[in-house]
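Student: I have a structure open on my screen and would like to understand its binding sites. Could you walk me through them?

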Amino acid sequence: MALLEVHGLSKSFGGVTAIADLDFGVPEGQVYSVIGPNGAGKTTLFNMLCGIYSPDEGSIRFLDREIIGRLPHQVAELGVSRTFQNLQMFFNMSVLDNVKVGCHLRTRGRIWSNALRLPGTRREEKQAERWAREAILFCGLDDYLESHADALPYGVLKRLEIARALAASPRLLLMDEPAAGLNDTETKQMRSLIRQISGTGITVLLVEHNMGLVMDVSDRILVIDYGSRLAEGPPEAIQNDPRVIEAYLGGEIEYAV
Amino acid sequence: MSHLRGFYLLVAAALLLPLIFPDNYYVTVVGVTAALHAILAVSLNLLMGYAGQISLGHAGFFGIGAYASAILTTRYGWNPWPAMLFGLVLTGVVAFTLGRPILRLKGHYLAMATLGLGIIINILLVQTGSLTGGPDGLGGIPTLSLFGWAVDSDLRWYTVIVSVLLAVVWLVLNIINSRSGRALRALHGSEVAAEMMGINTTTTKTGVFVLAALIASLAGSLFAHQQAFVSPDSFSFFFSIELVTMVVLGGMASTYGAIMGAIILTFLPELLVVFEDFEVLIFGAILMSMMIFLPQGLFVGMQKLWRRVATEESRRGAA
Ligand SMILES: Nc1ncnc2c1ncn2[C@@H]1O[C@H](COP(=O)(O)OP(=O)(O)OP(=O)(O)O)[C@@H](O)[C@H]1O
Ligand SMILES: [Mg+2]
């Protein structure tokens, strides 16, 4: 059984159908990519998977539990974390504090215990600091530990979002266009970061327009167009699928990284 | 602990001031008002500066605390301490029940709703005259007494209110630099990302709203006993705006900034009385220019200035 199973998922906004009767399953431990042209419904799909949008129809099962009807923080509790296509950084906080927020679900301290700085809080603070530093180191952000988030370049922020998501120690990580806006060097770093994340056993669901990157890191790929499934399979099969080539710019795909 | 470095300075200042200037009007009278304002500003800053939720009705909760203490002690002969507790419970209930629906709103709409809340509380204080004394207010409120130690002099009030301020600041600093404080700041930074990190944004917003209201209510009770008299004027819409001004002036999301804003806004009118008719005009001009030249607030502005001076110095020293 797959870690994440999606059945008959549909969502429309007014007259616009964003996702139409979509089925797929993400096996545990894999890097599973969702690709498709602009406006195909990838971000909408992500938003449903993590409880931000509620679908019109269908089911989303994660670890055999229904996602639909849960709020995002409840979905996060099940072990799902994500990054955002348009950065959702806490620009009012330092890098370290941003990532510490990622540890929210791994710590328990309530406000009164925090306010009185009881021993439990002190212990947890130290633990959160360790976890956050680990995630920061993992994403190669050690140089920016004390920096304020609003002072960082875009490429660093992209990795900071990942560090924050990893600090939650998720089972499933959703990444919405992690390489968008990155230069070649940064894209290469991102590719190895995704591999490293997958190497730790975290299942990755990736949305990305950079085909070289997608073909390189993915175990399986789902292609959607107008919210419907166009093709699904391992990268080699997708690369040679005439329907996919058709959907992308009428037959031209850049596979270079 | 590093997050309390500034706090120790504050404690030192609070201890030294009355020793250096004993029986000084600006320390034990204006200073006490400033400390009371600082308690309010620090609590409002928790909501506005850290959690990013504006409130234009904070004076209302200050009023609930003050009137709970005033009414229960004068009309029903309660001891001040249970009266204060009652005020806190009442404030908590009001803030919790109204906070949930109100805090679903954002930005201007939240501002309008909290403004309305503050105004309604104020109108209730004026209209329920048989209980509150109406626009004339309510006098003869007994002073506080701690195990036989009656708070009956300016210096004693200074001790009590400044101690409460210090305690509130300590608690708030601890909160800010912990899991719950990060949740508040995350809410301000990005609600959707905060949710995705497992923060229940609805309960977090309500929680901080209630906490800020409770602190204001406590300040209200202290105010009532210290003044021995309350009237609705002290809890009007204008005072809510003044509190917001303190927070913004000092610098949002800085507890010390809020304290600074409270001190300045309390002392400035005192110092400007010499200008008589022009007092309000000059007051407005000072506020306006401060915000133009230090848009991030006094505290952050001064920190930056200080850093620039320090680096200049070290550069000159190196050359
Ligand atoms: N909140 C919304 N309200 C109305 N329409 C929406 C909303 N969110 C998405 N849509 C529409 O749904 C469709 C799918 O959008 P979505 O953002 O999911 O595409 P995408 O595949 O992520 O595109 P891109 O590659 O450009 O990020 C688009 O037509 C979009 O305009
Ligand atoms: Mg998208």
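Student: Is Gln85(A) buried, partly exposed or exposed?

Tutor: Buried means under 20% relative accessible area, exposed over 50%, and partly exposed in between (1.4 Å probe, protein chains only). This is a predicted model, in which local features need pLDDT of at least 70, side-chain atom pairs count only at pLDDT 80 or more, and totals for chains, interfaces and linings use all residues. Side-chain values use heavy atoms, leaving out hydrogens and water. With a relative accessibility of 34%, Gln85(A) is partly exposed.

Student: Which protein donors does the magnesium ion (ligand 2) have?

Tutor: Donors are N, O and S atoms within 2.8 Å of the metal (3.2 Å for Na, K and Ca); water is not among the atoms, so sites may look incomplete. Lying 1.9 to 2.1 Å from the ion, the protein donors are Thr43(A) (OG1) and Gln85(A) (OE1).

Student: How many residues apart in sequence are the parts that this pair ties together?

Tutor: Helices (H or I, at least four residues) and strands (E, at least two) are DSSP runs, numbered from the N terminus. Thr43(A) sits in helix α1 of chain A, while Gln85(A) is in the loop between β6 (80-82) and α3 (95-102) of chain A, so the parts tied together are 42 residues apart.

Student: Which residue has a polar side-chain atom 2.7 Å from an oxygen atom of ligand 1?

Tutor: A polar contact here is a pair of N or O atoms within 3.5 Å. Ala40(A) offers a polar backbone atom at 3.2 Å from a ligand 1 oxygen, and a side-chain N or O atom of Glu177(A) is 3.4 Å from one. The residue at 2.7 Å is His209(A).

How values were computed: Residues numbered from 1 in each chain as written. Chains lettered and ligands numbered in written order. Polar contact = N/O pair within 3.5 Å; in protein donor to acceptor, adjacent residues only side chain to side chain.
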